[in-house]
Amino acid sequence: MKFVDEATIEVIAGKGGNGSASFRREKFIPKGGPDGGDGGRGGSIIAIADRNINTLVDYRYARLHRARNGENGRGSDQYGAGAADITLRVPVGTVVYDADTDEQLFDLNHHGEKAMLAAGGEGGRGNIHFKSSTNRAPRQFTYGKEGEQRRLRFELKVLADVGLLGLPNAGKSTLISKVSNAKPKIADYPFTTLHPNLGVVRTSESRSFVIADIPGLIEGASEGAGLGHLFLRHLSRTRVLLHLVDLSSPDPSIDPVDAAVEGARAITEELRKYDEALYEKPRWLVLNKLDMVEDPTEIQKRFCEALGWKGPVFAISALTGNGTQELIWALQDWLDAQKEKENVESDKAEGVYQAEDPRFDDSRGPLNNAD
């Protein structure tokens, strides 16, 4: 599912070092001549697309990126050291715009692709370059050039890893607000979600995934009923679907299990009608609002038996947060394994795959055991 994630930053490349106007001064060597070295190059700021990153959230906090200046040249033909470049890793699919002119500068849509965001200034020239037969004691030198400075806007059409699926008022918005940084509209009536909501779920400092909530589906969505059909096509781009089911019922005369089974089957049928590939996509069952029933274990058992469900199932309460941690940890582990598998397949297709243990590298020929 594609969403737009944005971040505006300022990049300031380093200034080049100044050249030196110096003359050789040694005992017994009169008129040693010019020996001023050049200044070092200022540090540049480079962006590189990294398939292991899927959000721009880091750049919403680190907004200023400044490279160091190059060193000045010195006497004795000593050139100033160049400053180190700064590398900004961004998700694959990041588009870089000039924030002031709105001009598109780069489109990083391949893993490892690089872009020069701000070039460091060139170092100044020392007086050693200005000597000639008619100017044997030049005092000229040049100053280092200023590095480029820009305000940039990163824009990413994020590919959501997890898509939330379910009837209106199943608790999708409550769940995404509980486990991520998304702040969707939440109310105790159906159809509160009118457009997709995106949230970034961080399970540790270095691990995260993107979860998306779409408007609730109703029967006939595949034929255009309701709002959910507008986003059904985007669900095919997710890696796994979470099917949220509300197992509570405000009417004591209605069996919540029967109603939930009927609703779950209706959603599944809409998926099958819309796209068979979408129907076959990995789907996990998430039973919600179990804090509102008397015997959650019995309700869960009855529902799974009635639905004939054999896949992964999680029991949660999105409102209180019970069971949500176990759910997101299981999702993170599953997604990491899937991404690793996809990366290996991509590297093999490009001919750059290297197994961590050479014994398990299929790209290598058979070992020659002959002595």
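Glu298 is partly exposed, at 38% relative accessible area, where buried means under 20%, exposed over 50% and partly exposed anything in between (1.4 Å probe, protein chains only). What you're looking at is a predicted model, where local features need pLDDT of at least 70 and side-chain atom pairs count only at pLDDT 80 or more, while totals for chains, interfaces and linings use all residues. Residues are numbered from 1 along each chain as its sequence is written, and side-chain values use heavy atoms, with hydrogens and water left out.

Back to Glu298, which sits in helix 5 (residues 296–307). Helices here are DSSP runs of H or I with at least four residues, strands are runs of E with at least two, and both are numbered from the N terminus. Together with Glu294, Asp295 and Glu305, Glu298 forms a negative surface patch. Patch members have over 30% relative accessible area and no salt bridge, with like charges joined within 9 Å. For the signs, Asp and Glu count as negative, Lys and Arg as positive, and His and the chain ends are not counted. Each charge is placed at CG of Asp, CD of Glu, NZ of Lys or CZ of Arg.

**The chain as a whole**

The protein chain has six helices and 14 strands. Of its 371 residues, 45% are buried. About 20,400 Å² is exposed, with carbon and sulfur atoms supplying 48% of that; the areas come from the Shrake-Rupley method with a 1.4 Å probe. Contacts (heavy atoms within 4.5 Å) reach a long way along the sequence: among those with a separation of 6 or more, 73% join residues 24 or more positions apart.

**Buried spots**

Gly14 is in the loop between strand 1 (2–12) and strand 2 (45–50). Gly14 counts as buried because its relative accessibility is 0%. Its C-alpha is 4.8 Å from that of Ala67, although the two are 53 residues apart in sequence. Setting aside residues up to four places away, Gly14 touches Gly42, Gly43, Ala67, Arg68, Asn69, Gly120, Gly121 and Gly147.

His243, in strand 12 (residues 240–246), is buried too, with a relative accessible area of 3%. Beyond its neighbours within four places in sequence, its contacts include Leu165, Gly166, Arg283, Trp284 and Val286.

Helix 1 (residues 172–179) is mostly covered, with six of its eight residues buried. The buried ones are Lys172, Ser173, Thr174, Leu175, Ile176 and Val179.

**Salt bridges**

The whole structure holds 12 salt bridges, each a side-chain nitrogen of Lys or Arg within 4 Å of a carboxyl oxygen of Asp or Glu. Here are three of them.

| Pair | N to O distance |
|---|---|
| Arg89 and Asp50 | 3.6 Å |
| Asp333 and Arg207 | 2.8 Å |
| Asp246 and Lys289 | 3.2 Å |

Take Arg89 and Asp50, whose side chains meet in a salt bridge. This pair links distant parts of the chain, with Arg89 in strand 4 and Asp50 in strand 2, 39 residues apart. Arg89 is partly exposed at 43% relative accessibility, whereas Asp50 is buried at 9%.

Next, Asp333 forms a salt bridge with Arg207. Asp333 is in helix 6 (residues 324–350) and Arg207 in the loop between strand 10 (197–202) and strand 11 (208–213), so the pair ties together parts 126 residues apart in sequence. Asp333 is partly exposed, with a relative accessible area of 48%, and Arg207 counts as partly exposed at 30%.

Then there's the salt bridge between Asp246 and Lys289. Asp246 is in strand 12 and Lys289 in the loop between strand 13 (283–288) and helix 5, 43 residues apart. Asp246 is partly exposed at 22% relative accessibility, while Lys289 counts as buried at 17%.

Salt bridges also link Glu6, Asp102, Arg153 and Glu155 in a network.

**Positive phi angles**

Asp102 turns up again here: its phi is positive, about 65°, although it is not a glycine. Asp102 is in the loop between strand 5 (94–98) and strand 6 (104–108), and is partly exposed with a relative accessible area of 48%.

Ser76 also has a positive phi, near 60°. Ser76 is in the loop between strand 3 (64–66) and strand 4 (86–91), and is exposed, with a relative accessible area of 52%.

Note on methods
Patch = residues over 30% accessible without salt bridge, like charges linked within 9 Å, V, L, I, M, F, W, Y side chains within 5 Å.
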